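Work through the exercises below with the sequence and the 3D view open. Try each task before reading its solution.

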Amino acid sequence: MLRTPESPRLAIIVLMLSAAILYLDYRYAPSSALFDRSLQEHPALTLLWSQAIGVTTAFANSPSMRFILVGESAPLSLRGDVGYNVRAALDARNGALRDVIIRPGETWSFNASVGSPARVNVRVVAGVPGGGWCDLASRYVQALRPVLPHEAFAFPNHVRTAGVGLLNVADEDAVAIWNIDGQPGSFGGRQDLQITNTTDTTLRLVVVEGALPDQIVVRALMVAD
């Protein structure tokens, strides 16, 4: 079989790209996903690395900024009615939950990000409209546990309020969500997750695919000095 002259050249290019990805994975993945100036000076490498860890290219390419991956949640399945409701929450208000910024001193609300539940089409799971939102909210807590103190999190505990835990969630991280009107705070029957950034740097939460195509995880990133 004849081979075109371009075949060896293409093989070399593929080999070089593979080597670059392997190097970045070895160099940065064990401790943190760190975007430093060496990556910013090479947009192609930045693109490859951002795709490898699931962070948006726009985020990775933010000028003169470095970001450290500081936490990651347990995976959450997108199968069945629960998965349908999780997707509905993630798509609400133009995907407000998919990419969250919490600046120093700010308090972020899960319910406020989702907005009014009347505008979100959900399914009933075990008698609960929007079943699965508690599981999703708990992933934001899991992702930020390594960098925020206990008092930075305010939410009704799912184990104490509902009497049951959540799959792949520690009892202390299990959030109870009951979104009545898309307003922040837990009172008057409303159950919300609120997270206050008590650090002196900006925090970012991004939702990306998990190890399997039908899973998502929440990753917490911190702007490095």
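A polar contact is a pair of N or O atoms within 3.5 Å; within protein, one must be able to donate a hydrogen and the other to accept it, and residues adjacent in sequence count only if both atoms are side-chain atoms. The model is predicted: local features need pLDDT of at least 70, side-chain atom pairs count only at pLDDT 80 or more, and totals for chains, interfaces and linings use all residues. Residues are numbered from 1 along each chain as its sequence is written, and side-chain values use heavy atoms, with hydrogens and water left out.

**Exercise 1. Place Thr-201 and find the partner of its side chain.**

Solution.
Step 1: locate the residue. Thr-201 sits in the loop between strand 8 (194-196) and strand 9. Helices (H or I, at least four residues) and strands (E, at least two) are DSSP runs, numbered from the N terminus.
Step 2: check exposure. Thr-201 has a relative accessible area of 10%, so it is buried. Buried means under 20% relative accessible area, exposed over 50%, and partly exposed in between (1.4 Å probe, protein chains only).
Step 3: find the polar partner. A polar atom of the Thr-201 side chain lies 2.8 Å from the backbone oxygen of Val-223.
Step 4: list the contacts, meaning heavy atoms within 4.5 Å. Leaving aside neighbours within four places in sequence, Thr-201 touches Ile-102, Pro-104, Met-222 and Val-223.

**Exercise 2. Which residues of helix 5 are buried, and what do they pack against?**

Solution.
Step 1: take the helix, residues 80-95. Its buried residues are Gly-83, Asn-85, Val-86, Ala-88, Ala-89, Leu-90, Ala-92 and Gly-95.
Step 2: recall helix geometry. An α-helix has 3.6 residues a turn, so residues three or four places apart point the same way.
Step 3: look across from the buried residues of helix 5. They pack against strand 2 (76-77), strand 3 (99-102), helix 6 (110-114), strand 5 (124-125), helix 7 (133-144) and strand 9 (203-209).

**Exercise 3. Examine phi at Arg-93 and Asn-94.**

Solution.
Step 1: set the expectation. Most residues other than glycine have a negative phi.
Step 2: read the angles. Phi of Arg-93 is near 50 degrees, a positive value. Asn-94 has a positive phi of about 60 degrees.
Step 3: place the residues. Arg-93 belongs to helix 5, and so does Asn-94.
Step 4: check exposure. Arg-93 is exposed at 52% relative accessible area. Asn-94 is exposed at 82%.

**Exercise 4. Describe the nonpolar cores.**

Solution.
Step 1: fix the term. A nonpolar core is a set of buried Ala, Val, Leu, Ile, Met, Phe, Trp, Tyr and Cys residues joined through side-chain atoms within 4.5 Å.
Step 2: take the largest core. It has 39 residues, and those with the most contacts inside it are Phe-110, Leu-136, Tyr-140 and Leu-193.
Step 3: list the contributors. Helix 5, strand 3, helix 6, helix 7, strand 9 and strand 10 give two or more residues to this core. Helix 7 gives the most, with eight residues.
Step 4: inspect Tyr-140. Beyond four places in sequence, Tyr-140 touches residues including Leu-90, Val-100, Trp-108, Phe-110, Leu-193 and Val-218.
Step 5: look for another core. A second, separate core has six residues, among them Phe-67, Val-206, Val-217 and Val-223.

**Exercise 5. How many salt bridges are there, and which parts does the pair Arg-219 and Glu-72 tie together?**

Solution.
Step 1: apply the cut-off. A salt bridge is a side-chain nitrogen of Lys or Arg within 4 Å of a carboxyl oxygen of Asp or Glu. The whole structure holds seven salt bridges.
Step 2: take the pair. The side chains of Arg-219 and Glu-72 meet at 2.7 Å, N to O. Arg-219 lies in strand 10 (residues 215-224) and Glu-72 in strand 1 (residues 66-72), so the pair ties together parts 147 residues apart in sequence. Arg-219 is buried at 13% relative accessibility, whereas Glu-72 is partly exposed at 41%.
Step 3: take a second pair. Asp-99 and Arg-204 meet in a salt bridge at 2.7 Å, N to O. This pair links strand 3, which holds Asp-99, with strand 9, which holds Arg-204, 105 residues apart. Asp-99 is partly exposed at 31%, and Arg-204 is buried at 17%.
Step 4: take a third. Arg-190 and Asp-181 meet at 2.8 Å, N to O. Arg-190 is buried at 9%; Asp-181 is partly exposed at 32%.
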